[in-house]
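Biologist: I have the sequence and the model open here. Can we walk through the fold together?

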Amino acid sequence: MKEYLTLAEIQRDLREEGLTCVKLVDHYLEKIEANKHLNAFVEVYTEEAKKAALAVDAKIANGTAGKLAGMVIGLKDVLSLTGHGLQAGSQILQNYTAPYTATAVQRLIDEDAIIIGRQNCDEFAMGSSNENSSFGPVLNAVNNAKVPGGSSGGSAVAVQAGLCHASLGSDTGGSVRQPAAFCGVIGVKPSYGRVSRYGLIAYASSFDCIGPITKSVADSALLLEVMSGADDFDSTVSERPVPAYTANLEWNGKAKIGYIRSAVENEAIAPEIRRQTSEVLNRLRAEGHEVTGIDMPLLDSLLPTYYILTTAEASSNLSRFDGVRYGYRSPESVDLESMYKKTRTEGFGDEVRRRILLGTFVLSANYYDAYYTKAQRVRRLVREETSRFFEQFDFLISPVTPTTAFTIGEKTEDPLQMYLADIFTVQANVVGNPAVSIPNGLDDQGMPIGIQIMAPYFGEEKMLAFANYLTELNKEEAVA
């Protein structure tokens with residue numbers, strides 16, 4: 001079976017070429033089995049996906065199918081689906097079954113998307129390489145010695161390798177965009193509050209966003225359009241009307257684009273990434289867009305602010321995993337105190353324990369004002385600086401990552417180097433703005449490079465249109 005770039009192509013063949021959803025699901029199931037070594041899926045819903053395919057085929061036949069008929073999608077292992085396992089890549093939730101379905105997932109199902117399985121991720125979405133999962137690392141399909149990025153690594157690889165048509169991931173500091181860049185696919189982080197977080201296992205509640213990973217901007221726009229909107233189960237989701245993203249993917253006019261000078265001039269950034277980013281900026285200038293380099297004084301404060309605040313929120317959010325209510329309970333427990341200590345020590349991996357300890361430290365009475373309060377002040381300053389930027393510019397363009405996918409094990413002994421992989425992505429989460437990663441060529445080893453477009457708060461409509469335009473522009477350049 002041919003590989004499809006867009007859902008529109010699938011739906012055309014469903015109507016005209018004798019393709020069926022059953023054939024599609026069988027195709028993806030065969031590919032998942034043939035690529036088990038990638039470790040992208042932790043559970044495959046074989047029988048359920050086949051039944052769903054039959055039901056969607058029947059709807060197509062009688063003309064009642066939804067917008068997503070023919071879309072076979074995988075879910076990152078942090079999104080609830082009733083009656084299915086949900087572990088967040090952690091042993092502390094072993095044997096846990098989700099009692100309800102996440103709002104974003106249910107909205108896809110309501111439009112006849114077919115869920116094919118749950119995908120491997122860094123434990124509790126904490127990581128930049130998908131090496132922190134209790135199910136083992138995910139392998140990059142381009143080069144199995146390389147990481148896929150994280151924490152939505154399994155979701156990105158599944159799309160990259162054609163194991164499903166699209167995936168849903170979560171993005172707390174770049175966890176959709178960074179693996180999308182490492183895998184050569186498209187990843188969207190919406191504005192905070194655009195998509196309901198109900199049914200998403202929390203890492204850092206004021207940062208977490210659910211976002212799609214696809215092979216085309218059109219499919220990302222469609223998924224975002226279906227998922228977005230008010231939800232009675234989530235008080236933080238916006239009630240703003242959802243634009244028709246898919247109907248407005250044509251970019252017209254000239255854009256004012258800003259880029260951070262250090263992102264293309266700093267020698268710490270891989271030379272090939274600097275070169276490719278500069279070429280895109282020059283291409284946009286040649287097309288008549290206004291492209292201006294800027295300095296962002298608070299850039300060096302982004303990562304410390306992000307990690308102080310997210311670890312603090314993680315410390316609070318993960319306190320519920322204690323062996324009392326659900327999930328793993330240490331068999332070595334002898335009393336309440338030992339149950340807490342042993343359960344959390346045995347159930348959580350190294351990175352999760354590290355972040356819980358950091359978060360507990362910055363929230364402690366002696367250090368709360370010195371760290372947590374100051375980080376909140378810096379967050380406000382970054383928001384104000386970003387707002388001023390978007391008074392002058394339509395988009396902020398930057399690399400997604402300072403390097404391409406690195407070798408498995410290369411950075412596991414140096415957490416600070418691992419954290420630096422998020423240097424360009426965390427700003428969108430700190431301020432709540434939308435951002436998208438699109439493919440931007442390959443390095444000299446054939447590994448994918450991504451480029452990031454960030455837009456004003458709730459500026460997804462123009463961002464997706466411009467991303468679609470730039471994707472086509474890059475394709476034309478590659479052909480030329």
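Biologist: Which strands does helix H13 lie across?
Modeller: Helix H13 (residues 368-392) lies across E7, E8, E9 and E11, in contact (heavy atoms within 4.5 Å) and at about 115° to E9; axes are lines fitted to C-alpha atoms, for helices over the stretch in contact, and angles run from 0 to 180 degrees between N-to-C directions. Helices (H or I, at least four residues) and strands (E, at least two) are DSSP runs numbered from the N terminus.

Biologist: Before we go on, what should I know about the model?
Modeller: It is predicted, with local features needing pLDDT of at least 70 and side-chain atom pairs pLDDT 80 or more, while totals for chains, interfaces and linings use all residues. Residues are numbered from 1 along each chain as its sequence is written, and side-chain values use heavy atoms, leaving out hydrogens and water.

Biologist: What is the strand order in the open sheet of 11 strands?
Modeller: The order is E1-E3-E2-E4-E6-E5-E10-E11-E9-E7-E8, with mixed pairing, where two strands pair if DSSP finds at least two bridges between them. The edge strands are E1 and E8, each pairing on one side only.

Biologist: And E3, is that buried or exposed?
Modeller: All 6 of the 6 residues of E3 (residues 114-119) are buried (under 20% relative accessible area with a 1.4 Å probe, protein chains only), so this strand is largely enclosed by the rest of the structure.

Biologist: How does E3 pair with E1, and with E2?
Modeller: E1 and E3 are antiparallel over 3 bridges, with Glu43 partnered by Arg118, whereas E2 and E3 run parallel and are joined by 5 bridges.

How values were computed. Buried < 20%, exposed > 50% of the residue type's maximum accessible area, 1.4 Å probe, protein only.
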